[in-house]
Amino acid sequence: MTKSAPETTVPDTHTENSAIEASGFPTGRFVVFLVLLGCLYSPAFFLDPFYRLPQFNRFLALALFALSVDLIWGYTGLLSLGQGLYFGIGGYFIAYSLKLQKAALDAGNPAFGRYDWGPDMAMTDYMFQGQLNEVPLLIRPLINIYTAGFLAVLVPTLVATFFGWIVFRSGIKGVYFSLVTQALVFAVFTIISTQRSYTGGVDGQPGLANLELFEFEFKNYFHLNLVIVTILCFFALLSFFLIQSKFGKILTAIRDNEFRVTALGYDTAMYKAFVFAFAGLMAGVAGALSVCATKSAGPQFFSIEESITVVIFVAVGGRGTLIGPILGALLVSVGQDRINSEFTQAWPIILGCLFIAVVVFLPDGIVGGLTRAAKWFNRPALDPEPTPT
Amino acid sequence: MDSTQFGEALSNSLSSSSILILAALGLAITFGVMRVINMAHGDMMMLGAYTAYVVTDRRMLPRALNHLLGLIGIDADIDLNIFVAIPASFLVVGFVGYLLEVCLIQFLYDRPLDTLLATWGVGLIMQQSINLTFGANLVPMHLPEMLQGTPEILQGTAFAIPSLRLFIVGVTLFCLFGVYWWFFQTMSGLKIRAVVQNREMAAALGVSTRQVDSITFAFASGLAGVAGCILAHLYNTKYNMGGDYVVDAFTVVILGGMGQLAGAAGGGAAIGTGNSFIEKLLSVFTKMDSPAAMAKFFILVLVVGFLLVRPSGLFATKERSYD
């Protein structure tokens with residue numbers, strides 16, 4: 001024990017994000033964070049624009065998805081195994097829009113433009129195969145990309161708010177919470193993958209039209225990349241300020257000791273419901289961006305594998321850090337892509353080993369491990385400022 | 001719904017309830033009692049199914065045995081069936097579970113959410129290993145003659161339940177009573193319950209908690225193997241079949257209530273019966289594309305709704321530490 005200030009003697013179990021940490025804006029860490037986020041703009045300038053760049057766009061969308069999981073898991077301690085639900089809802093709204101637009105463009109009906117909808121609008125291929133007579137009433141307005149985009153943000157948020165509010169009111173937490181979210185996304189998966197004439201079934205909605213916003217068609221993946229990176233940075237910064245705020249401190253306090261937070265008079269259920277809704281919103285946006293990037297959507301969005309893979313992104317990168325999930329999503333996705341193209345059969349085994357290795361040897365991920373290493377090298381100096389990550 | 005349709009639904013509900021109970025029984029031990037979230041449970045069922053395939057298929061183990069016996073001069077014609085396959089699956093998968101506990105799970109007992117991730121990884125490795133060994137095709141099983149068809153007493157009645165399904169119900173009941181007897185009537189069961197209640201105190205009283213943990217985990221895995229072996233004789237066997245059952249099994253356990261073996265039986269019966277009857281009702285009264293999927297959806301939503309109202313499950317224990 002040293003005789004220094006009392007906060008240095010507190011065992012530092014949750015790296016630098018502990019709620020005990022003295023408040024005050026960490027300017028150094030913020031600058032590093034900004035620089036790292038800025039680096040995300042650079043790959044677009046040297047990646048192959050027709051093959052690598054669309055992939056990179058998808059990985060960025062997954063990074064946003066991972067960020068949403070990190071907010072609720074890494075910072076609030078709620079492991080959701082059903083975050084794919086919100087990702088999928090957001091994605092499917094955009095997919096409906098682009099699919100209907102594609103059908104309208106292919107039909108070439110001069111009376112109907114790209115965004116017009118009515119009873120005799122063009123049906124998509126799976127609706128034909130499902131022997132529907134016309135586009136279902138509720139799906140029709142989605143052809144308007146603004147309506148679809150608005151719903152892609154709104155509906156996941158509302159669903160997450162509603163579900164989170166009920167779940168946290170009734171005191172479900174920990175493992176129970178994980179399994180209930182999993183059961184819910186599995187229920188939706190069974191519906192989406194079997195109602196072929198309405199959702200495209202197991203094949204999903206491939207072959208979508210290009211995104212067109214404000215009469216600007218995103219034919220070029222470079223422009224789409226700028227949009228996706230900007231949105232990702234926006235949400236990353238928003239999360240940063242959220243975590244730095246008093247609200248964020250309470251979230252980490254809930255993670256570390258919920259009973260104590262309750263005893264201090266905070267309504268933890270409201271805090272958890274809010275952050276869960278915010279994560280739902282981010283996941284919805286991520287799903288929408290992912291669909292724009294790959295020009296396809298499929299029921300695998302709602303699969304359990306997808307949700308758990310994102311959890312792994314967060315675990316590999318470092319839960320409870322903001323740069324960790326982005327890093328983890330990019331690294332694991334790039335690794336998956338490279339290894340899949342070389343040894344298709346080996347990837348599941350490598351992924352499995354990665355899961356085990358991260359859990360056993362690197363419980364706080366790459367960023368957490370680097371922070372620990374940096375701390376270890378800086379041992380002799382009793383530096384009150386934590387090393388920036 | 002007439003009596004034949006009711007009989008069909010009943011017959012389906014018997015087998016699906018049995019499968020769910022068998023799948024959930026092992027989980028009720030590893031998850032409900034030991035607090036390990038074993039996402040590889042479904043893949044252990046898959047291993048059990050493939051063990052059954054190796055044991056019963058004439059081109060696999062029986063052929064190897066015949067060949068070996070031929071080497072020492074005995075002209076044998078061994079044909080192994082489900083009666084051998086069940087204990088074989090139990091032992092093989094139990095051994096895999098033992099290895100898993102000793103090599104990995106024992107380091108993670110105080111981190112339940114991390115066991116989830118690690119065992120998911122283990123499941124991936126198992127799936128891919130089986131895929132590489134046996135290929136991605138469906139594996140067919142053949143039944144011994146005495147389990148084919150329908151028992152004579154039931155033939156022609158509305159309740160024409162196939163012999164195989166009755167046999168499965170029997171195996172399920174046997175496993176349930178076996179587990180009950182082991183947990184509540186034997187010394188080693190007492191030790192398990194002691195370790196679960198208070199690990200330090202049990203250790204202080206001379207119970208080898210390490211041994212209890214690994215034996216219990218191995219036994220629970222063995223039960224997954226039995227479930228998989230039975231499943232293989234009812235439905236198709238594929239290397240990625242585990243994922244279809246693990247969510248259902250977890251749903252059964254949380255519906256039944258954590259730490260409650262009776263919960264696995266009650267939850268499994270409730271979900272299995274509900275699923276079969278809703279499916280039958282939907283297919284009789286509506287013209288839906290896929291009544292099975294819709295029934296599953298309804299059941300899952302009902303279960304989630306039920307848990308929101310009553311988070312501790314059907315057979316509730318009021319223990320705060322289970323949160």
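This is a short selection-by-selection tour of a predicted two-chain model.

Residues are numbered from 1 along each chain as its sequence is written, and chains are lettered from A and ligands numbered from 1 in the order in which they are written. Because the model is predicted, local features need pLDDT of at least 70 and side-chain atom pairs count only at pLDDT 80 or more, while totals for chains, interfaces and linings use all residues.

**Stop 1: chain A, coloured by confidence**

Select chain A. Its mean pLDDT is 79, and 84% of its residues reach 70 or more. (pLDDT is the predictor's confidence in each residue, from 0 to 100.) Among the elements of chain A, H11(A) has the highest mean value, 89, and strand E2 (residues 216–217) the lowest, 68. Now pick residues 1–16 of chain A. Here the pLDDT is below 50, and the stretch has 20 contacts in the model beyond near neighbours in sequence. (Two residues are in contact if their C-beta atoms, placed from the backbone, lie within 7 Å.)

Switch to cartoon. Chain A shows 15 helices and 2 strands. (Both are DSSP runs numbered from the N terminus: helices are H or I with at least four residues, strands are E with at least two.) Of its 389 residues, 48% count as buried. (Buried means 20 or more other C-beta atoms within 10 Å of the residue's own, exposed 12 or fewer, partly exposed in between, with C-beta atoms placed from the backbone.) Among contacts in chain A with a separation of 6 or more, 77% join residues 24 or more positions apart.

**Stop 2: H2(A) against H11(A)**

Select residues 52–75 and 268–294 of chain A. These are H2(A) and H11(A), packed at about 170 degrees with axes 8 Å apart. (Axes are lines fitted to C-alpha atoms, for helices over the stretch in contact, and angles run from 0 to 180 degrees between N-to-C directions.) That angle makes the pair roughly antiparallel. (Under 35 degrees counts as roughly parallel, over 145 as roughly antiparallel, 65 to 115 as roughly perpendicular and the rest as oblique.) On the H2(A) side, show Leu64(A), Phe65(A) and Leu71(A), among others; on the H11(A) side, residues including Phe278(A), Met282(A) and Leu289(A). By class, this contact has 18 nonpolar, 4 polar and 1 charged residues. (Ala, Val, Leu, Ile, Met, Phe, Trp, Tyr, Cys and Pro count as nonpolar, Asp, Glu, Lys and Arg as charged, and the others, Gly among them, as polar.)

Stay on H11(A) and click Gly287(A), which lies in this helix. Gly287(A) is buried, with 29 other C-beta atoms within 10 Å. Beyond its neighbours within four places in sequence, its contacts are Phe87(A), Gly88(A), Ile89(A), Gly90(A), Gly91(A) and Phe301(A). Try a C-alpha distance to Phe93(A): 9.3 Å, across 194 residues in sequence.

**Stop 3: the loop and H12(A)**

Move on to Lys295(A), in the loop between H11 and H12 of chain A. Its phi is near 55 degrees, a positive value in a residue other than glycine. Lys295(A) is partly exposed, with 18 other C-beta atoms within 10 Å.

Next, add residues 304–317, which form H12(A). The axes of H2(A) and H12(A) are 9 Å apart, at an angle of about 75 degrees. The two helices are therefore roughly perpendicular. Val310(A), Val311(A), Phe313(A) and Val314(A) are the H12(A) residues that meet H2(A). The classes here are 9 nonpolar, 1 polar and 1 charged.

Zoom on Ala66(A). Leaving aside neighbours within four places, Ala66(A) touches Val310(A), Phe313(A), Val314(A), Pro325(A), Ile326(A), Gly328(A) and Ala329(A). Ala66(A) is also among the residues with the most contacts inside the largest nonpolar core, which has 205 residues. (Such a core is a set of buried Ala, Val, Leu, Ile, Met, Phe, Trp, Tyr and Cys residues joined through C-beta atoms within 7 Å.) Ala23(B) and Ala24(B) are on that list too.

**Stop 4: across to chain B**

Show both chains. Here 35 residues of chain B contact 39 of chain A. On the chain B side, H5 (112–134), H10 (242–256) and H12 (291–309) each give two or more residues. H5(B) gives the most, 14. The chain B side divides into 25 nonpolar, 6 polar and 4 charged residues.

**Stop 5: inside chain B**

Select residues 163–185 and 187–197 of chain B. H6(B) and H7(B) pack at about 75 degrees, axes 5 Å apart. They are therefore roughly perpendicular. Trp182(B), Phe183(B), Phe184(B) and Gln185(B) meet Gly189(B), Ile192(B) and Arg193(B).

Finish on Gly274(B), in H11(B). With 18 C-beta neighbours inside 10 Å, Gly274(B) is partly exposed.
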